[in-house]
Amino acid sequence: MTVLPINLAIFSVLLLLSGTVLGLLLSRSQRILIYINFFLAAVASLTAIIAGAVTVGNGVINRLVLPAGLPNLPFHLRLDPLSGFFLVVIGLLGLFVSIYSMGYVKGFLGRRSITPLVIFYCLFMAGMFMVVLADDAFFFLVSWEVMAASSYFLVMFEDERIENRRAAFLYLVIAHIGAIAILLSFGMLAGLAADFESFKGYTFDAMREAKFPQVWASVAFLLAFFGFAAKAGVVPLHVWLPEAHPVAPSNISALMSGVMLKTAIYGIIRVAFDLIHVFPWWWGAIVLILGLISAVMGVLYALMQHDLKRLLAYHSVENIGIILIGIGLAMIFTSFKLPVLAALALIAGLYHTLNHAMFKGLLFMGAGAVLHATKQRNMEEMGGLIHRMPWTAALFLVGCISISALPPFNGFVSEWLTFQAFLLSPALHSPLLNLLIPVGAALLALAAALAAACFVKAYGTTFLGHWRGHHNPSVKEVDWFMRLGMILTALTCLLLGVLPTIVIEWMDVLPEQLMGARLATSAGAFGWLWLTPVSHGRASYSGAIIFVWITAVILLAYIILHIRRTAIHRVPIWDCGFEKLNNRMQYTATSFSMPIRRIFGFLFNIKEDVSIKRPSSQGLTPILYRAGEEGDLHYRLRVRDYFWGWIYRPVADVSFRISRRFGRLQQGRIQVYLIYSFITIIVLLVFFR
Amino acid sequence: MMTHPIIIEILQIIVLLSAAPLFVGWVRALKCWFQGRTSASLFQPYRDIVKFFSKDVVLAENASWIFRFVPYLVFGTTVLAGGIIPILSVDLPLSATADVIALVALFALARFFTALAGMDIGTAFGGMGSSREMTIASLAEPAMLMAIFTVSLISQSTSLSQIVTVLGHGPLVLRPSLAFALLAFILIALSETGRVPVDNPATHLELTMIHEAMILEYSGRHLALMEWAGMMKLFLFATLGIASFFPWGIAATDNLAAIPAAFLFLIIKLGIIGLVIVMIETGLAKMRIFRVTEFLGSAFLFATLGMLSYFILE
């Protein structure tokens, strides 16, 4: 009997669900629970990777109907290459993060019970696998909610702090507003597919076969896009992201940022290319424009941060934007009947999905290691960690290079492909698009360059220089589980960067099934070393040669220069004769981003004030400071999102006001409630007799 | 016949390594003559490099491996870039390694690490240099890519060899988009190579340094590598400009006989470019750092106009 990939995938989900049960049983012996459960999660991830890789590699579609769920509404499962690809993305990071977690979660031992963390971790991963396997609207939404609810509890894990509870609540609200939009969209599609006669339309197969009227299809798509955009953190629906990701435990942040956001990308591709599959160009233009805004705004917000994990969370907004640029272009090209270009743009978007999962996972794991060792997230207080945490420093650097889109690592490959998609675009029959495409290329370039600046800042203030904090804690390198998780992720980043041809050949079946065009015939035509998206005369890139060449030149120069031994003198740093240099005089994250804050300041709500106070021992309220007097200098900077005041605050205020109105109905007396029931029955009898 | 491209490639890297200091010497000497000063010899940059190589290395106590690794990396990426840009001939084995987008990214890689090295020691100067350099780069890089995109749209390729072949050996057409792109490219090249009016390569005045502030702590062979790479970068931007906008004279075949002529053309063009740089540097004063935004903003605008005029007019 042969084992079908879909059976493997289901096995992986069951393994995770059994981990949940095991968590309940084993909660007495916490240390064993960590090893067993994360080992189970790692095995489940590996199984999912195999299932997904085989499906994509062979281009096969497996289906299965589970007699679960409601009567006459069974769960439909389907494993096609698109699901398979996302299984691999989720599985890869799931595997690495599970290994990392074996070390990381031990940090909580003795402080609090880790049982909920372990249980919801398994449930969360199972939810993500189920989302990509679902083949009907009902099962999809059930899985979507499992994923959202379990991640809510994970964000809430350290619930004694008020900011964690607030962040988790905000996340839950926005996740559910999104879920409602998705529900409405699926409801509309299902109704249109079965003419509102029966429930038969709820399977994705029925939707695939149905023909939708243009207007209703557009409404359904926009609703679905809104819902998925809320999950993915597209500007202006991004506000939950920088709140929820920093407060979650770092292994969870890695998973949420690295792969949970990707389920939304999966949803957009599934709805647009698979379920509706015929669409006008302006859908793509909307996706492209929102992608561009997210990319640029995300990185600018990130530059303003001095909390390491918040900075990374904003970068997720940026990278989701870059992925959406690829998908938006693919949609535009599809509607203009340019399948090869569409395939290129889709591959660019999907490759960035995979890359972002890897490098963002790596960066969050690195940030987790720093947090684990220093017990803080504020970069202004850090510095010089490269001497005390050499492994973490080197691995975090790999993540920084990858996310800054620098060769030969993986981030560059996908951005390069996106640029190629922009440049290959012919003049289209729409003046708006002819304007949008060059401007889009410029904005993408701006986002990439700003990202590099942001990561020089993040790396420079966290790992380089001297320790900036007032008191100097003892910082130790993290244990081998955490290191191993990060090493594997970093290696994947490098491999995806130097061997893109092989990966693209593997995933080439995706555009073939979605838009009927392949890339690999041209992508690897010049040889596996060179990535040539269209033809080798158009453009070519070889990460492997760049990597080998730079390594070779470095070695050669090093050897030549070290034939004659010259002494290296270690001396104190040159202080220009000032002699009172201290660690607080270094550049900080805030001072590093000051020029950019000044240039792009008009996009933010910035409050900056400087006050000088006399030492409090004098007991006087300070009013004025005269030159020459000793005093404490206080600098306060607050950078806020305009979107919060523009969109969220009014909506929140109105909904609170309405709730308070309705709250008056709640009198707390049984007689009043009996009257309500009575009136309801009368009304029902009158109208629906 | 397969050996010829490899010979040309090696020749080109030798030209890069040896001619870059001479080009810098030429610019410095010209500048002195323009300002009525006596100049040092044309070969002074060579003597500087040799001197740095022979000195001992003095490292700050706090310097990590990044600080020592960066000079080698910067040197390596710059040499690789020299193997990709068609300086003498388009038929290069390395030219398929990276197209022009990847080339810009290679320079970005070198800059990323130089900025990290600036922050490694933990002095205020290093951090200041890194911060300014990355700010300027984040404005210059998109403009640079836009200028290059315009060129590549015209030649239907982002591969530099292809650009040279199409522009240099195709029919001569006057294009408004190319003029905008050239204007933008000149502004950006001045900023990327750290010339007046954005940065001053000759200054060690504390508050005006940008590039120099980052490499202030280097000494001995590390400084030699950094300086040499800096000279090569100026040379490479000049040749990149030649390849994208004035490619006439670059050999189109792997025929070795065409190389001397190409070499002659290169010398003439570089001489003229040096003259242009010196005229700009003598005529303009260095800008305040926050005026650079406007300078690069206009470069970005020109580049975008160039691309728009391609999409709309051509």
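# Exercises on a predicted two-chain model

The domain assignment of chain A lists domain 1 (1-194), domain 2 (586-643) and domain 3 (646-687). Keep in mind that this is a predicted model. Grab the structure and let's work through it.

## Exercise 1: Domains of chain A

Find how far apart the C-alpha centres of domain 1 and domain 3 of chain A lie.

**Solution.** Start by picking out residues 1-194 for domain 1 and 646-687 for domain 3. Then take the C-alpha centre of each: the two centres are 36 Å apart.

## Exercise 2: Where the chains touch

Work out which elements of chain A touch chain B, and which of them gives the most residues.

**Solution.** Step one is the head count: chain A puts 65 residues in contact with 67 residues of chain B.

Step two is to see where those residues of chain A come from. The elements giving two or more residues are α14 (385-388), α16 (410-424), α17 (431-463), α22 (543-561), β3 (568-571), α23 (589-592) and α24 (594-599) of chain A. The top contributor is α17(A), with 15 residues.

Step three is to sort this side of chain A by class, which gives 47 nonpolar, 15 polar and three charged residues.

## Exercise 3: A strand pair across the chains

β3(A) turned up in the last exercise. Which strand of chain B is joined to it, and do the two run parallel or antiparallel?

**Solution.** Look at strand β1 (residues 57-60) of chain B: four bridges join it to β3(A). The two strands run parallel. For a landmark, go to H569(A), which sits opposite V58(B) in β1(B).

## Exercise 4: Two helix pairs

Describe how α4 packs on α10 in chain A, then do the same for α5 and α11 in chain B.

**Solution, chain A.** First, the geometry: helix α4 (residues 115-133) and helix α10 (residues 250-276) of chain A have axes 10 Å apart and pack at an angle of about 25°. Angles under 35 degrees count as roughly parallel, so α4(A) is roughly parallel to α10(A). Their crossing is left-handed.

Next, who touches whom? α4(A) brings F124(A), M128(A), V131(A) and V132(A), while α10(A) brings L255(A), V259(A), M260(A), T263(A) and Y266(A). Sorted by class, the contact of α4(A) with α10(A) has eight nonpolar residues, one polar and no charged.

**Solution, chain B.** Take the same steps. The axes of helix α5 (residues 124-155) and helix α11 (residues 292-313) of chain B come within 9 Å, crossing at roughly 20°. That angle makes α5(B) roughly parallel to α11(B). The crossing of α5(B) and α11(B) is left-handed.

From α5(B), the contact residues include I136(B), L139(B), M146(B) and F149(B); from α11(B), they include V292(B), L296(B), F300(B) and Y310(B). The class tally for α5(B) with α11(B) is 17 nonpolar, four polar and no charged residues.

## Exercise 5: Backbone oddities

Which peptide bond is cis in the loop between α8 and α9 of chain A, and which one in the loop between α7 and α8 of chain B? Then say what stands out about the phi of H277(A).

**Solution.** In chain A, go to the loop between α8 (214-232) and α9 (241-247), where P236(A) lies. The bond joining V235(A) and P236(A) is cis, and omega is about 5°.

In chain B, P197(B) is in the loop between α7 (176-192) and α8 (211-214). The bond from V196(B) to P197(B) is cis, with omega near 10°.

Last stop: H277(A), in the loop between α10 and α11 (281-303) of chain A. H277(A) has a positive phi of about 55°, although it is not a glycine.

Note on methods: Residues numbered from 1 in each chain as written. Chains lettered and ligands numbered in written order. Predicted model: local features only at pLDDT ≥ 70, side-chain atom pairs only at ≥ 80, totals over all residues. Axes fitted to C-alpha atoms, helices over the stretch in contact; angles between N-to-C directions. Parallel < 35°, antiparallel > 145°, perpendicular 65-115°, else oblique. Left-handed = near helix turned anticlockwise from the far one by under 90°. Contact = placed C-beta atoms within 7 Å. Nonpolar A, V, L, I, M, F, W, Y, C, P; charged D, E, K, R; others polar. Pairing = 2+ DSSP bridges. Domains from an automatic or database assignment.
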